[in-house]
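Colleague: Let us go through this model together. I will ask, you reason from the coordinates.

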Amino acid sequence: MTSPPTSGPSGTDGTGPLHGVMPAPKASPRHEVPKLYGPDFAADPYAVYDRLRTYGALAPVEIAPGVGAMLVIDYRAALDLLHDPVTWSKDSRTWQETVPADSPVMPMIGWRPNVLFSDGEEHERYRKVITDGFDRIPPQDLRALVVETADALIARFGADGEADLIGQYARVLPLMLFNRLFGLPDSYGDRLISAIAGMLEGNTPEEAAEASAAFEGYVGELIAAKKQARGQDLTSWFMDHPAELSDEEVIHQIVLTMGAGHEPTTNLIGNALARMLTDDRYYSTLSGGALTPRDAIHDVLQNEPPMANYSTHFPKRDVYFHGNWIRTGQLVLVSYAAANTQRGRAHAGTGAGAGGSGGGAHLAWSAGPHSCPVRRSALLITTTAIERLTAWLSDIELTVPHGRLAYRPGPFHRALTRLPARFTPISPDQAGATPWESTANR
Ligand code: HEM
């Protein structure tokens, strides 16, 4: 067996070693570390994944200026890593000492005492609080709440005949839903939405800090309200769980659950809608064709996972892994997107295939002990949200070609910035059995 190498890759500008990357497993063919950020990656991440495949099962990447990592792009290697908590830890504390505190990836990787960054018994304790909480929500109640939320949102823009289906629907629906599930009235929903939007879109550090403070304020009020009076909601169930979480631990699990939940749910709804509205096989479905929203969702999970690259892990000891030496504490991420679309195993291309692509295995929910604990609820939410929208706006179409849609830059998500669409305006029908009818039919 070879020994661990001792020198690391240099920054792309040649200024020195990347933070957080110790040794380079192999020299890059082009002597530069591929970037998972910036406009080029956002425009065509799959071209970058294809280039990465020349390295083998893992490739060195840069996830932010000066921050390096190893990316697992092979499906088998991803499973080996995700199912081996003896070798791999989720605790990022030692790593983050090697990376500037203001790095843009820190909000996604910086350690907090929550389910995502813990191992072993501590992880099981936090995870059980979250799974037990979601298990207490009957699926029919969750579906009814999604329908109610979807209808309320569609009512806001239905009469306009046009909408940005990300900003006005896919982004706000999960947050309005979480606001209710965690136990606050709808009047708080818009506060949560603007805080999260500010955190995602804040153009200056001051704006981002202001939004982050607004989010903390929201969670503070949520906890205070539930201390006064418990309810039938996730916050109360987290507080009263036999795991006996401290107040601080409850806050961290709430923040994590909302954070882990809203972004991929938005992207799953958005990416699936984008497919449906540009592929005739789905378009005709809206009036009785072959493929359904469920097919679009499975197509996205297979070929365009909403979380593209994540599952940050750090080896507890130097380890020789699928042809590479990885040093203790070095950052390794899993590319669900690259692994899923690896030649020979994935449903190639963007289509769902004749019978839909629902059957194949994929890593969109990750795998192993940290895999998404609420995938059933997430599927129910996304499917219902899409069914509701396409049921009411049956002639909906995009106003820009699919190839011109823009994606938010960043290494972790496959996230549309906007999804502009038009449709025949609708308005509430006070008298009818259904709440809507097309104004064109009046
Ligand atoms: C209701 C919506 C959702 C909630 C509340 C939620 C919650 C969570 C939580 C709490 C974790 C951490 C689990 C752990 O560390 O043990 C997690 C992990 C994960 N979730 Fe979800 N999730 C939601 C929707 C989704 C969606 C739609 C996707 C994408 C298809 C997704 C993909 C993932 C992935 C890939 C992980 C693993 C992350 C990692 O290990 O770094 N989730 N989710």
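**Sheets, helices and the iron site**

Modeller: Start with one bridge: Val61 has Ala69 in S2 as its bridge partner. This is a predicted model, where local features need pLDDT of at least 70, side-chain atom pairs count only at pLDDT 80 or more, and totals for chains, interfaces and linings use all residues. Residues are numbered from 1 along each chain as its sequence is written, and side-chain values use heavy atoms, with hydrogens and water left out.

Colleague: Over how many bridges do S1 and S2 pair?
Modeller: Strands (E, at least two residues) and helices (H or I, at least four) are DSSP runs, numbered from the N terminus. Two strands pair if DSSP finds at least two bridges between them. S1 and S2 (residues 67–72) run antiparallel, and the count of bridges is six.

Colleague: Which strands stand at the edges of the five-strand sheet?
Modeller: The sheet is open, its pairing is mixed, and its order is S1-S2-S8-S5-S3. An edge strand has a single partner, so one side is left without a neighbour in the sheet. The two are S1 (58–64) and S3 (88–89).

Colleague: What angle does H3 make with S8?
Modeller: Axes are lines fitted to C-alpha atoms, for helices over the stretch in contact, and angles run from 0 to 180 degrees between N-to-C directions. H3 (residues 75–82) lies across S2, S3, S5 and S8. Its direction relative to S8 is about 130°.

Colleague: Which strands are at the edges of the three-strand sheet?
Modeller: This open sheet is antiparallel, in the order S4-S10-S9. S4 pairs with S10 (residues 420–422) over three bridges, and Asp164 has Pro420 in S10 as its bridge partner. The strands pairing on one side only are S4 (162–164) and S9 (397–398).

Colleague: How far apart are the axes of H6 and H13?
Modeller: H6 (residues 120–135) and H13 (residues 247–276) pack at about 60°. In contact (heavy atoms within 4.5 Å), Arg125, Tyr126, Ile130 and Phe134 of H6 meet Glu249, Gln253 and Thr257 of H13. The axes are 11 Å apart.

Colleague: Which residue is the protein donor of the iron atom?
Modeller: Donors are N, O and S atoms within 2.8 Å of the metal (3.2 Å for Na, K and Ca); water is not among the atoms, so sites may look incomplete. The iron belongs to the ligand, and its only protein donor is an SG atom at 2.4 Å. That residue lies in the loop between H16 (336–340) and H17 (375–392). It is Cys372.

Colleague: What is the mean pLDDT of the chain?
Modeller: pLDDT is the predictor's confidence in each residue, from 0 to 100. It stays under 50 over residues 22–28, and 84% of the chain's residues reach 70 or more. The mean is 87.
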